[in-house]
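Morning, everyone. Please have a look at the model on the screen while I talk.

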Amino acid sequence: MDGGWGWVIVGCCFMVTVCTRAVTRCISIFFVEFQSHFEADYSATAWVHSLADCTTMLCAPFGSLIVNRWSGRVSVMLGGLLSSCGLLLSSFSNSLEFLYFSMGIMMGLGFALCYTPAIVMVGCYFRERTALAYGVGLSGSGIGTFVLAPLVQLLIDLYSWRGALLVLSAFVANLCVCGALLRPIAVLDFKEEEETAEEKMTGHMSSQDVDLALKPPKEAEVSLLCLPESRRWCLDSCTLSSKDYSFLLLPDFLGLAVSFLLLSSGCSLPFIYLVPYALDNGLSQHNAAFLMSILGVVNIVGNVTFGWLTDRKCLKPYRLTCYIVSVMMEGLCCLFVPLLRSFLPLVPFAVLYGYFDGAYVALIPVVTSDLVGTRHLSSALGVVYFLHGIPYLISPPTGGWLVDITGSYTATFFLSGCAILASALTLAIIAGIRHCRHVRVAKEAKHRPLH
């Protein structure tokens, strides 16, 4: 644990985020080519990106389902094959409607089968340096965008958009290789880590009752998350399915779900509207694009450094607090954007927003795992990323509608900032309630007479 083959798993997670999230971001580079070839307007073309992003998140539970029934290896290899075929078919497309299916649905579904399982496998191999491992693995999104964006543009210039999609199809096929390296392991059940989550779901039941209620027969010592395929078939499938989503009964998880809905409603808007806002304020195309480069590079720094910091002994017990602070800072940055109308003031915004965005992204799996326990991490992350889907589809058009009716980007950035701050406030309330509950339980235990 926390080393050896675990770092190979982190490398696979890194490549999966490059092939999924970075490739999805690079779809926007094809917009001009699609508009010209299919003689379509921006809104019709933009649906390709929206459908790909939304499908990836909405179908995340399917990846969790395959992990729970078979393994992460099966899910990632199947997703790699599906997404590669989607890009391959897209290169032969003769209509936008076909691209909606091949790139929006087919590729998005393939990415969904890869993204969550790769993140879950990191949690199987790491316990002491979990946040750092997640930070390194998830930094592939920023690094991949930084490298792939100019490379994709070069491929379009050399081979046209059809040739570029063919090359991307071959590149994404490497997901099958990453999946083959995701070796499932049998790990002992970390009872101390999951005790809190199990107590919440079972009230005042005894520890023996908890074991009987939550653990399948003859498998109480093994985490279902990382069992080899041959041993999974020995379990009762009906019992397993009822346990997969038992974390949904946790009031704290419901609050976390609301927080994620609010966060995903606001976090994508600055990435979409920062460049148009900069151009609207008289910045050159070069300077506007440079702001996005700064945001992407600093995003990588936030992934790794914040993950490393929250693994330190002094901060490890306060990882939820660190997550709340990073989300709150990101929301405050958005509220100040309308006051920044030139290049130099916008640079600090790009730095701060990029850093805190990378920070909270690295902590999402950690916070989720701390709340529901390792046993339910796969299913919980599937639900978490599913909750991102609808806001990712709705919030960009909503932001554009606000620009159209107000004639400025102020309302759009205010919407983003308020939604993100509401997310932080929701989690802060949950953290306060949990703290009060723990203090009350500790006092009751202190005054309880010994028998």
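Let's start with a term. A residue is buried when its relative accessible area is under 20%; over 50% it is exposed, and in between it is partly exposed. Keep that in mind for our opening pair. Tyrosine 323 and tyrosine 360 are both buried. This is a predicted model, by the way.

Now the whole chain. It holds 20 helices and 0 strands. Of its 451 residues, 53% are buried. Next, the contacts with a separation of 6 or more. Of these, 84% join residues 24 or more positions apart. On the outside, the chain exposes about 19,100 Å². Carbon and sulfur atoms supply 69% of that area.

How far does the predictor trust this? The average pLDDT for the chain is 79, and 84% of the residues score at least 70. Among the elements, helix α5, residues 72–90, has the highest mean, 92. Helix α11, residues 207–214, has the lowest, 37. Look at residues 187–241 as well. There pLDDT stays under 50. The model still has 94 contacts beyond four places in sequence for that stretch. A word of caution: where pLDDT is low, the predicted coordinates should not be read in detail.

On to the aromatic rings. How many aromatic pairs does the count come to? It comes to 15. Take tyrosine 273 and tyrosine 409. Their pair is tilted, with 6.2 Å centre to centre and 55° between the planes. Tyrosine 273 lies in helix α15, residues 269–280, and tyrosine 409 in the loop between α19 and α20, so the pair ties together parts that are 136 residues apart in sequence. Both of these tyrosines, 273 and 409, are buried.

Back to tyrosine 323 and tyrosine 360. Their pair is edge-to-face: 6.3 Å centre to centre, with 80° between the planes. Tyrosine 323 is in helix α17 and tyrosine 360 in helix α18, residues 343–372. The two are 37 residues apart, and the pair links distant parts of the chain. There is also an aromatic cluster, made of Phe30, Phe34, Phe38 and Trp161.

Stay with helix α17, residues 319–336, for a moment. Cysteine 333 lies there too. Is cysteine 333 buried or exposed? Its relative accessible area is 9%, so cysteine 333 is buried. Which residues does cysteine 333 touch, not counting those up to four places away in sequence? Phe349, Leu352 and Tyr353. Cysteine 333 and leucine 352 are 19 residues apart in sequence, yet 7.3 Å apart in space, C-alpha to C-alpha.

Next stop, helix α16, residues 285–309. Here we find leucine 291. Leucine 291 counts as buried because its relative accessibility is 0%. Leaving aside neighbours within four places in sequence, leucine 291 is in contact with Leu274, Ala278, Leu283, Phe343, Leu346, Val347 and Ala350. Leucine 291 and valine 275 are 16 residues apart in sequence and 7.7 Å apart in space, C-alpha to C-alpha.

Finally, the surface. Leu151, Leu154, Leu158, Tyr159 and Val167 form a nonpolar patch there. Together they have about 480 Å² of accessible area. Pick out leucine 154, in helix α8, residues 140–172. Why does leucine 154 count as partly exposed? Its relative accessibility is 44%, and partly exposed means between 20% and 50%. Compare leucine 291, at 0%.

That's my tour. Thanks for listening.

Technical notes: Residues numbered from 1 in each chain as written. Predicted model: local features only at pLDDT ≥ 70, side-chain atom pairs only at ≥ 80, totals over all residues. Heavy atoms only, no water. Helix = DSSP H or I, 4+ residues; strand = E, 2+ residues; numbered from the N terminus. Buried < 20%, exposed > 50% of the residue type's maximum accessible area, 1.4 Å probe, protein only. Contact = heavy atoms within 4.5 Å. Areas by Shrake-Rupley, 256 points an atom, 1.4 Å probe, with all protein chains shown as cover. Patch = residues over 30% accessible without salt bridge, like charges linked within 9 Å, V, L, I, M, F, W, Y side chains within 5 Å. Salt bridge = Lys/Arg side-chain N within 4 Å of Asp/Glu carboxyl O. pLDDT = per-residue confidence, 0-100. Phe/Tyr/Trp six-rings, centres within 6.5 Å; stacked < 30°, edge-to-face > 60°.
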